[in-house]
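Biologist: Could you take me through this model? I would like to discuss helix packing, cysteines and a few single residues.

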Amino acid sequence: MNWSKIISPRVQAIPPSGIRKFFDLASEVDNVISLGVGEPDFVTPWHIREAAFYSLEQGDTMYTSNYGLLELREEIANLLKRDYKLEYSPKNQILVTVGVSEALDLALRALLKEGEEVLLPEPCYVSYEPSALLAGGKVVRIKTRAEDNFKLRAKDLREAITPKSKVLVLCYPSNPTGATMDKADLEEIAEVVKEHNLIVLSDEIYSRLTYEGEHTSFATLEGMKKRTILFNGFSKAYAMTGWRVGYVAAPEEILQAMMKIHQYTMLCAPIVSQKAALEAVRNGDKEVEKMVKSYNQRRRVIVKGLNEIGLECFKPKGSFYVFPSIKSTGLSSEEFAERLLKEEGVVVIPGNVFGESGEGFIRCSYASSLDNIYEALKRIGRFVDKL
Amino acid sequence: MRDDILDLLKNNSKLSHEQIATMLDLSVEEVENEIVQLEKKNIIVKYSTLIDWDKTNKELVSALIDVKVTPERDFGFDAVAKRIYKFPEVSSVHLMSGGYDLSVQVEGRTMKEVALFVAEKLSTIEHVQSTATHFMLKTYKKDGVIFKGETKPAERLVVSP
Ligand SMILES: Cc1ncc(COP(=O)(O)O)c(C=O)c1O
């Protein structure tokens, strides 16, 4: 059978994952230390796991409402009100999804007509482009720069806009750069969004992992709530990646459209995960604070260490990634990452997999134990010295 | 700052002053001065190591002893506690609320040794009214640290987006 004639060209057009390659490479090397992991190194806090045991014991094994458990939506609404003074109705403006991943896919599918453009400030999270393409959209990438600490400039956004521009994806704090945008930065973006009538997908999954200043939720900016789809979840803040639960808050009309897809393709997020998430929003703050404190300490260690090695990086204010420049070594990002892995057994992700403007950089995750970070820094230092 | 330094050291007393300074965004001098103060004031009492003795061949038996005391004027709990904690066999002593007064941990090489110590030395102390000895059979968690058994959680993928 000639599968290339059978499989959808839309799927075939999606290039293989650049991250996957490093996964395979790493499996061939012994004694690997990984700074390539995009998830917390904490296990989900015990009280949340315990809530899940009780839930199972009680027999919570059914489907829930397509929207998700009402109780959970109510708690999410409370959280958004408490943290950002944002008002969303738990009845029809909040949808519980199988992670932010599903929610992003729903939004893009609900919004895009064939060939409409999605503006992607890059370097960015690797799922945005494939999701947009699979939804029939066209991707327009916008470069950001190290000298701006990888913030999006309003001017660059403006220049990328065409009559087909429809959606702007924002992700702050950022995966992979750790960049954040404060209120003033975002206001300039909001200006352009209004001018060009864009819809903003604001992926704020790292919002709780903000170490300096306060996270500004995009929907809080004047006039933006009605054109913003807000994504957040439990994976990063509560160390719950494997539970597959997240949520989206948006104006009713778009939420209903997303809900239409969700009800047929997913039905609902797993009930046990929703019960665990309920415990997380209700009682998770103390554990979140502990984890944030610990990430923050490691952030300072890794930023200092990398700069001392000569891999220049700014001190990112959010998420758990640093994005140092490796330009001084003369190697490309891929060469650097591949050789570092083969010669010293340290996994980092080459910056170019997050977009062209990530070339010359690597992503290092500090969601790894302090001992690992020190050992990785030692090995990276040795590697750079002998180049 | 003080609590943050103590929290870090409590977890890992091997951290250097430089490491602590980086982790807390302080200068090395600040950290050094603070630690000197903490040591001087005996807030930091000692730097020790948490050991899972069950994994070694060392013969070590621990018991918790509930001690009831009849305190008298001019001879209170503190004085009785002192009589007790001076023995090197005693590893900790706490004054308790509730059904008994002092909780005493005693260590020895064998159960017999510990039991004899209680019978001969502890219960004969003046004002000690009664003792109840509980031998510890297994340590699951100590000082906030779980002593790991056989089962391990799933490992994270080495690389993820
Ligand atoms: C920026 C960003 N968005 C979304 C996700 C996916 O999150 P979830 O686990 O909620 O699907 C990730 C996970 O790495 C991410 O980094």
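Modeller: One definition is needed beforehand: a residue counts as buried under 20% relative accessible area, as exposed over 50%, and as partly exposed in between. Please also keep in mind that this is a predicted model.

Biologist: Understood. Is Arg300(A) buried or exposed, then?

Modeller: Arg300(A) has a relative accessibility of 16%, and therefore counts as buried.

Biologist: Where is Arg300(A) found?

Modeller: Arg300(A) belongs to helix H12 of chain A.

Biologist: And which residues does Arg300(A) touch?

Modeller: Leaving aside residues up to four places away in sequence, Arg300(A) touches Lys315(A) in its own chain, and Thr22(B), Met23(B), Leu24(B) and Asp25(B) in chain B.

Biologist: How do the axes of H12(A) and H2(B) cross?

Modeller: The axes of H12 (residues 285-309) of chain A and H2 (residues 17-24) of chain B come within 7 Å, with a crossing angle of roughly 110°. Because of that angle, H12(A) is roughly perpendicular to H2(B). The crossing of H12(A) past H2(B) is right-handed.

Biologist: Which residues meet there?

Modeller: From H12(A), Gln297(A), Arg300(A), Val301(A) and Lys304(A) meet Thr22(B), Met23(B) and Leu24(B) of H2(B). The residues of this contact between H12(A) and H2(B) comprise 3 nonpolar, 2 polar and 2 charged.

Biologist: What separates Arg300(A) from Leu278(A)?

Modeller: Their C-alpha atoms are separated by 32 Å, with Arg300(A) and Leu278(A) being 22 residues apart along the chain.

Biologist: Turning to cysteines, how many disulfides does the structure hold?

Modeller: Over all chains, the structure holds 0 disulfides.

Biologist: Why does Cys364(A) not form a bond with Cys313(A)?

Modeller: The closest cysteine sulfur to that of Cys364(A) is in Cys313(A), and the separation of 7.8 Å is too far for a bond. A disulfide requires the two sulfur atoms to be within 2.5 Å.

Biologist: Are Cys364(A) and Cys268(A) buried or exposed?

Modeller: Cys364(A) has 0% relative accessibility and so counts as buried. Cys268(A), at 10%, also counts as buried.

Biologist: One last residue: where is the place of Glu195(A)?

Modeller: Glu195(A) lies in helix H9 (residues 183-195) of chain A. Its relative accessible area is 48%, so Glu195(A) is partly exposed.

Biologist: How are Glu195(A) and Arg158(A) separated?

Modeller: Glu195(A) and Arg158(A) are 37 residues apart along the chain, and their C-alpha atoms are separated by 9.6 Å.

Methods: Residues are numbered from 1 along each chain as its sequence is written. Chains are lettered from A and ligands numbered from 1 in the order in which they are written. This is a predicted model: local features need pLDDT of at least 70, side-chain atom pairs count only at pLDDT 80 or more; totals for chains, interfaces and linings use all residues. Side-chain values use heavy atoms; hydrogens and water are left out. Axes are lines fitted to C-alpha atoms, for helices over the stretch in contact, and angles run from 0 to 180 degrees between N-to-C directions. Helices (H or I, at least four residues) and strands (E, at least two) are DSSP runs, numbered from the N terminus. Angles under 35 degrees count as roughly parallel, over 145 as roughly antiparallel, 65 to 115 as roughly perpendicular and the rest as oblique. A crossing is left-handed if the near helix is turned anticlockwise from the far one by less than a right angle, and right-handed if clockwise. Contact means heavy atoms within 4.5 Å. Ala, Val, Leu, Ile, Met, Phe, Trp, Tyr, Cys and Pro count as nonpolar, Asp, Glu, Lys and Arg as charged, and the others, Gly among them, as polar. Buried means under 20% relative accessible area, exposed over 50%, partly exposed in between (1.4 Å probe, protein chains only).
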